[in-house]
Amino acid sequence: MAKRGLLKFEYAVTIVVIFAVLLLIIPVDIESTVQANFISRWNDKYQKLEYMFDVIDTHESDEILKSFKRAQNAEEREAILLNLIQPYLRLTKTKLPRRYSPKFMNGERISLTDRYYFEDMYVSDNGMIVGIKDIDSPDERAPKFRIMMDINGKLPPNIWGKDIFGVNIFSNGVEAFGSNLPMEKLKLDCSELGTGVGCSYYYKIGGGFDD
């Protein structure tokens, strides 16, 4: 009887250990799957933006540039850009009310004066949040706009590099945030020690969230 009781005890301990290991592994596996899905969807959105600007550059660049030059202020320029990207990102023209507070990957909140703070945000018909920021710079090499995309909208985590990514819009094309960083700094920024903004480019060139 004692031997049988010992076997039952060992069996119970084995079950508990297996269950504990599963509790440790499964959340990580789920998180990895979710993150991989975010990255896949981000790459899809980026390709659509690249395609859009290729089309514009081929067929409509002169007329669009004239429209931007005729615009009197940032609001008019933003309206022009919104009309351009609306069919590609399936945006509504309703601005997102406040009550949306994204963060950097290192946990820091985004201040009103930060370059990655977006006041004007819109929602796509599948719930994605898109922010548009006009950049008023006399430097022709500077971006004309910045665009951010929260792939799954208001749903968490609302963190740069997790479900939020972005691009600079230039007069001749689009570049993901972080494209100007050397690889060492890019990997650091796309980590828990960084902002996560550089993940936009890091994932585009094949970097992994578990590197």
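Is R90 buried, partly exposed or exposed? R90 counts as partly exposed, because its relative accessibility is 44%, which lies between the 20% and 50% cut-offs. The notes below take the rest of the chain point by point.

1. **The model and its fold.** This is a predicted model. The chain has four helices and six strands. Read along the sequence, their order is α-α-β-β-β-β-β-β-α-α. In that pattern, two helices come before the strands and two come after them.

2. **Inside and outside.** The chain has 211 residues, and 40% of them are buried. About 12800 Å² of the chain is exposed. Carbon and sulfur atoms supply 56% of that area.

3. **Contacts along the sequence.** Take the contacts between residues at least 6 apart in sequence. Of these, 55% join residues at least 24 apart. One pair to look up is P97 and M121. They are 24 residues apart in sequence, and their C-alpha atoms are 8.1 Å apart in space. P97 is in the loop between β1 and β2. P97 counts as partly exposed, because its relative accessible area is 40%.

4. **R90 again.** This residue sits in the loop between α2 and β1. Look at its backbone too. R90 has a positive phi of about 55 degrees, although it is not a glycine.

5. **The loop between β4 and β5.** Two features are worth finding here. P157 is in this loop, and a cis peptide bond joins P156 and P157. The omega angle of that bond is about 20 degrees. N158 is in the loop between β4 and β5 as well. N158 is not a glycine, yet its phi is positive, at about 55 degrees. With a relative accessible area of 12%, N158 is buried, because buried means under 20%.

6. **A buried charged residue.** Find E78 in helix α2. Glu counts as charged. E78 has a relative accessible area of 7%, so it is buried. Which residues does E78 contact, leaving aside its neighbours within four places in sequence? They are K95, D120, Y122, I132 and F145. K95 belongs to β1, which runs from 91 to 95. D120 and Y122 belong to β2, which runs from 120 to 124. F145 belongs to β4, which covers 145 to 150.

7. **The disulfide.** How many disulfides does a search of the whole structure find? It finds one. A disulfide is a covalent bond between the sulfur atoms of two cysteines. Here the partners are C190 and C199, with their sulfur atoms 2.1 Å apart. The torsion about the S-S bond is about 110 degrees, so this disulfide is right-handed. Both ends are buried: C190 has 12% relative accessibility, and C199 has 0%.

8. **The largest pocket: where it lies.** The largest pocket holds about 550 Å³ of space. It is lined by 24 residues, and those closest to its centre are L65, F68, K144, F145 and S171. F145 is also one of the contacts of E78. Three elements, α1, α2 and β5, each supply at least two lining residues. Of the elements, α1 gives the most, with eight residues. Helix α1 covers residues 2-70.

9. **The largest pocket: what lines it.** What kinds of residue make up the lining of the largest pocket? Twelve are nonpolar, five are polar and seven are charged.

10. **The second largest pocket.** About 320 Å³ of space lies in this pocket. Its lining has 17 residues, and R115, Y116, N168, G178 and N180 are the closest to its centre. Strands β5 and β6 each give two or more residues to this lining. Strand β5 supplies at least two residues to the lining of the largest pocket as well. By type, the lining of the second largest pocket divides into seven nonpolar, six polar and four charged residues.

Terms used. Residues numbered from 1 in each chain as written. Predicted model: local features only at pLDDT ≥ 70, side-chain atom pairs only at ≥ 80, totals over all residues. Heavy atoms only, no water. Buried < 20%, exposed > 50% of the residue type's maximum accessible area, 1.4 Å probe, protein only. Contact = heavy atoms within 4.5 Å. Areas by Shrake-Rupley, 256 points an atom, 1.4 Å probe, with all protein chains shown as cover. Disulfide = S-S within 2.5 Å. 1 Å grid on protein atoms, 1.4 Å probe; cavity = no way out; pocket = protein on both sides within 12 Å on 5 of 7 lines; lining within 4 Å. Points joined across faces, edges and corners; volume = space filled by probe spheres on them.
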